[in-house]
Amino acid sequence: MDQQAFDQAKVVLHQFDTFVDPATGVGSMHAHLVLEGGGVKGIGLVGAMLVLDEAGYEFPRIAGTSSGAIAAALAAALQRSGRSLSLLRGYLGSIDYTRFEDKSLIRRLSGGLGSAAHLLLDLGLYSGDYLVEWLSPILADLGVTTFGHVEIPPGEDPGASIPESQRYRLMVLASDITRRTLMRMPWDYPIYGLPPREQSIAAAVRASMSIPFFFEPVRMKTGPSTSPEYGDWPGGTVTLVDGGMLSNFPLQSFDRADQGPSRWPTFGIKLSARQIEMSPDRPAGSTVGEAVDCLRTMITEWDRYHLDAEAARSTIFVDCGTINSTDFGLTANDQQQLFDSGCRAATQFLVARAAAFSAGRPRPGDLAVG
């Protein structure tokens, strides 16, 4: 029944969601993507993305945080290299999630004392090096290793309102706790005195997934720069952690800069069921509990407010059940359940979108862009 409803929805979506390029007369279905972070739950993003791909959508620009940054980087690289997005599933399935909790020999021998010392000295329990070891060869094979490889060439999309500094197919988010600001890579590299086109995509993704206290933060060397926001900056070193601390679901990233009408939508994929009821109030019971609650609030609450107020109809909600972001003992069955949940959520989303078109209602949730 889902397949039948999906096939019927595709017919409607191709009628209403096709953008005809006035310069070429060629029609295609476009949607920008914003991918929420969620640690090991990221394979749910892939299930949803592949359903959108099967429906016929192309993704001119993709933004992501943490695990969303991993999926975004791979999808942007696959599209840039002309390969099928279906490879995403195999890539995510090849991750050895237990390697994210690799311990050094000293820590294995010293137990909890070694872990405490590592946390105090390196600001994180685990190095996070495995992510770069796994991702870098894949990107190299695709021929997409730096942000210069995902730059949008001048003249490719004359109808866009994109500022020159943002003409990239990929955007990755991290939190700069030195300057206390959100860092949008590669958009903000000039503020740090760094040439955007030369920066490593794998390094940016590694910074984006630096869950505070769990993974070591990334220390990035900067150069001198001048900007309206910071004035003259002598450069030095900044500390980057998980982008989700400041914005885990930046759905407005690709809104038009000129306030003009959107040519196509932005779709968000969120790694949680849509919240329709609140859990009972519970006070923090300890200092540690208070710290954990503060961190959870920073990561979720601002984006939750925006989502409820403005954007739910353009968001695919992937129900990940009881799986947590740092459940690195994920089984093959867990991965399949996450993937299937993403497929179901995207199918339901597209069927609802097509039904809205068929009923003559305005385009649901078109916040962006193009």
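Q: Is the crossing in which α1 passes α10 left-handed or right-handed?
A: A word on the model first: it is predicted, with local features needing pLDDT of at least 70 and side-chain atom pairs pLDDT 80 or more, while totals for chains, interfaces and linings use all residues. Residues are numbered from 1 along each chain as its sequence is written, and side-chain values use heavy atoms, without hydrogens and water. Helices (H or I, at least four residues) and strands (E, at least two) are DSSP runs numbered from the N terminus, and a crossing is left-handed if the near helix is turned anticlockwise from the far one by less than a right angle, right-handed if clockwise. The crossing of α1 past α10 is left-handed.

Q: At what angle do helix α1 and helix α10 pack?
A: α1 covers residues 2-16 and α10 covers residues 332-358, and their axes (lines fitted to C-alpha atoms over the stretch in contact) lie 8 Å apart. The two helices meet at an angle of about 50 degrees. Because of that angle, α1 is oblique to α10 (neither under 35, over 145, nor 65 to 115 degrees). The angle asked for is about 50 degrees.

Q: How many charged residues are in the contact of α1 with α10?
A: α1 brings Asp2, Ala5, Phe6, Ala9, Val12, Leu13 and Phe16 to the contact (heavy atoms within 4.5 Å), and α10 brings Thr347, Leu350, Val351, Arg353, Ala354, Phe357 and Ser358. Asp, Glu, Lys and Arg count as charged, Ala, Val, Leu, Ile, Met, Phe, Trp, Tyr, Cys and Pro as nonpolar, and the others, Gly among them, as polar. By class, the contact of α1 with α10 holds 10 nonpolar and two polar residues, and the number of charged ones is two.

Q: Which term describes how α3 lies to α7?
A: The axes of α3 (residues 67-81) and α7 (residues 129-142) come within 9 Å and cross at roughly 15 degrees. That crossing angle is why α3 counts, relative to α7, as roughly parallel.

Q: How many nonpolar residues does the contact of α3 with α7 have?
A: Let's look at the handedness and the residues together: α3 passes α7 in a left-handed crossing. Ile70, Ala73, Leu74, Ala77, Leu78 and Ser81 of α3 meet Leu131, Trp134, Leu135, Ile138, Leu139 and Leu142 of α7. The contact of α3 with α7 has no charged residues and one polar residue, and its nonpolar residues number 11.

Q: Which residue has a positive phi although it is not a glycine?
A: Most residues other than glycine have a negative phi. The exception to look at here has a phi of about 55 degrees and is Ser66. In the chain, the loop between β5 (62-65) and α3 is the place to find Ser66.

Q: Which residue does a cis peptide bond join to Met185?
A: Most peptide bonds are trans. In this model, the bond following Met185 is cis, with omega about 15 degrees, and leads to Pro186. The loop between β8 (181-185) and α8 (201-208) is home to this proline, Pro186.

Methods:
Axes are lines fitted to C-alpha atoms, for helices over the stretch in contact, and angles run from 0 to 180 degrees between N-to-C directions.
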